[in-house]
Amino acid sequence: MKKLTYTEIYTEDGVLDSVFRSDGVSIPANPANSDYQAYLVTLPSNSSKDVDGTSE
Amino acid sequence: MAIKRYNSATGKWEYVGNPGSITPNGIGAVSNAGGSLVVPANASTKGISIQATASQSANLQEWQNSSGVAQTYIDPNGNFYSPNLNYAGKNALINGGFDIWQRGTSFLNPANSYTADRWVGSSASAFTLSRQSTGLNGIPYCARLQRTSSSSSTANMNIAYSLESNDSYKFQGQTATLSFYARAGSNFSASGNLINPVVAYGTGIDQNAYLNGFTNQAYLVNTTVSITTSWVRYSYTFSIPSTATQLATWFVSSPTGTAGTNDYWDITGVQLELGTVATPFSRAGGTYQGELAACQRYYQRISADASSSIAAIALGFGTATTNGCALIPTKISMRIVPSVSYSALGDFYFSDLIASANYTPTSIAISGIRSTTTNVFVNFGFASGITTGRFYSVQANVTTGYFDMNSEL
């Protein structure tokens with residue numbers, strides 16, 4: 001199966017708004033969304049990104 | 001209370017049943033007008049009470065046919081059973097009758113993806129999951145899991161359902177019964193014609209057991225059953241731990257050898273309910289509309305379901321020369337803010353009703369922070385031409401254009 005990749009989309013204020021998955025699915029940066037949860041799993045373990053979509 | 005009946009043949013009043021088993025607490029009135037009528041002595045007196053003995057195992061009460069076979073009854077635990085006990089919510093599995101197929105009615109090699117609404121299909125290759133007719137009264141459709149003819153792939157063919165936690169809690173510490181109808185194709189190749197029904201539970205929240213596994217996942221049912229080429233209903237009764245916060249069921253078959261033309265098996269009428277017996281199949285939503293609405297909590301397709309080629313699916317708004325946005329209402333409230341996919345960029349356009357011009361987007365992306373479970377905020381990108389502050393009619397190709405809103409587990 002082809003590996004999925006993600007493109008992060010931010011608001012003008014620098015807040016993560018959504019993630020675009022390479023199979024064409026636009027994923028809301030919402031911790032309850034299972035696609036977003038799957039995206040979070042792909043992040044490096046030392047990532048500072050919180051599940052609420054913010055970055056430190 | 002005692003029950004007496006007038007016997008017109010003897011002209012005498014007589015006790016009904018064994019008088020030794022009836023406690024005479026007094027009686028208000030007894031009618032002999034072709035049967036027995038019990039009227040309590042006063043408003044605060046019970047009409048009839050049936051008290052179980054210790055360790056009661058037989059039914060407390062039955063209504064029988066002329067052959068003495070129970071038609072409707074109350075079991076020793078006080079559960080009421082009737083052949084027409086059909087009500088919304090009895091069956092915890094939405095689309096157990098495979099009535100709803102919003103994504104399509106045939107899927108080639110679904111790879112752990114949703115097929116019929118709420119049901120995940122999977123196999124490594126040479127596999128089609130499709131909707132078929134059953135010939136069963138009241139359950140017109142089934143899911144067919146078929147190996148491609150002449151294929152030698154022996155990958156398992158699976159179909160799976162995970163309940164969200166909100167629908168699982170009522171089973172905590174209870175006895176439940178899983179039931180389903182199944183039949184095999186004439187070339188069904190699984191050894192012994194076996195399929196493998198599974199019920200699992202976990203202690204997490206809103207996980208998908210089949211795709212990702214439950215937290216502390218354990219099996220309540222994990223067995224095999226030999227199916228035939230005729231429809232047969234199978235059922236399994238089991239106890240659910242009070243710690244269970246999620247349930248799932250799935251069915252697996254393992255093909256062997258080379259597939260013939262009819263190497264398939266069908267399943268439908270899948271029901272998970274409280275109680276120790278399988279009652280007649282009932283749709284979770286109660287009606288077709290209820291079932292569709294229940295499915296749309298997890299997935300829905302937004303399209304221009306109208307004959308007009310300029311039918312709008314949303315009202316858009318220009319935010320810059322190269323940007324616009326639109327708030328797309330969902331048909332019903334979704335489980336969570338959904339993921340969004342769409343047919344193709346070329347299927348959509350912003351229609352400028354003032355300038356009589358149409359603009360095809362170059363990108364479409366959901367705004368997670370502006371969307372809700374009832375309104376999905378979508379950002380559109382354009383090459384140029386959008387007027388800031390102007391409203392646009394967001395239109396989709398009537399034949400091919402759609403947005404898919406996905407809130408599945």
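This report describes the interface between two chains, the main pocket and the salt bridges of a predicted model.

**The interface**

Chain B meets chain A through 20 residues of its own, which touch 19 residues of chain A. The size of an interface is often given as the accessible area lost when the parts come together. For chain B and chain A, the buried area is about 1200 Å², with 52% of it on carbon and sulfur atoms. Two elements of chain B, strand S24 (339-342) and strand S27 (363-366), give two or more residues each to the side that touches chain A. Strand S24 of chain B provides the largest share of that side, namely four residues. Sorted by class, the residues on the side of chain B that touches chain A comprise eleven nonpolar, six polar and three charged ones.

Polar contacts also join the two chains: ten residue pairs are found across the interface, with both residues of each pair at pLDDT 80 or more. The count of salt bridges between chain B and chain A, however, is zero.

**The largest pocket**

The largest pocket has a volume of about 1300 Å³. Its lining holds 40 residues, and those closest to the centre are A:Leu4, A:Arg21, A:Asp35, B:Asn112 and B:Leu211. From chain A, helix H1 (34-41) supplies at least two residues of the lining; from chain B, strand S9 (113-114), strand S21 (299-303), S24 and strand S30 (402-406) each do so as well. The element that gives the most to this lining is H1 of chain A, with four residues. Strand S24 of chain B thus appears in two places, as a contributor to the side that touches chain A and to the lining of the largest pocket.

The table sets out the classes of residue in the pocket lining.

| Class | Residues in the lining of the largest pocket |
|---|---|
| Nonpolar | 15 residues |
| Polar | 14 residues |
| Charged | eleven residues |

**Salt bridges**

Side chains of opposite charge can pair when their charged atoms come close. Over all chains, the whole structure contains twelve salt bridges. One of them joins the side chains of B:Arg283 and B:Asp99, at 2.6 Å from N to O. B:Arg283 lies in the loop between strand S20 (264-274) and helix H2 (288-296) of chain B, and B:Asp99 in the loop between strand S7 (80-81) and strand S8 (106-108) of chain B, so this salt bridge ties together parts that are 184 residues apart in sequence.

Methods: Residues numbered from 1 in each chain as written. Chains lettered and ligands numbered in written order. Predicted model: local features only at pLDDT ≥ 70, side-chain atom pairs only at ≥ 80, totals over all residues. Heavy atoms only, no water. Contact = heavy atoms within 4.5 Å. Buried area = accessible area lost by both parts, 1.4 Å probe. Salt bridge = Lys/Arg side-chain N within 4 Å of Asp/Glu carboxyl O. Polar contact = N/O pair within 3.5 Å; in protein donor to acceptor, adjacent residues only side chain to side chain. Nonpolar A, V, L, I, M, F, W, Y, C, P; charged D, E, K, R; others polar. 1 Å grid on protein atoms, 1.4 Å probe; cavity = no way out; pocket = protein on both sides within 12 Å on 5 of 7 lines; lining within 4 Å. Points joined across faces, edges and corners; volume = space filled by probe spheres on them.
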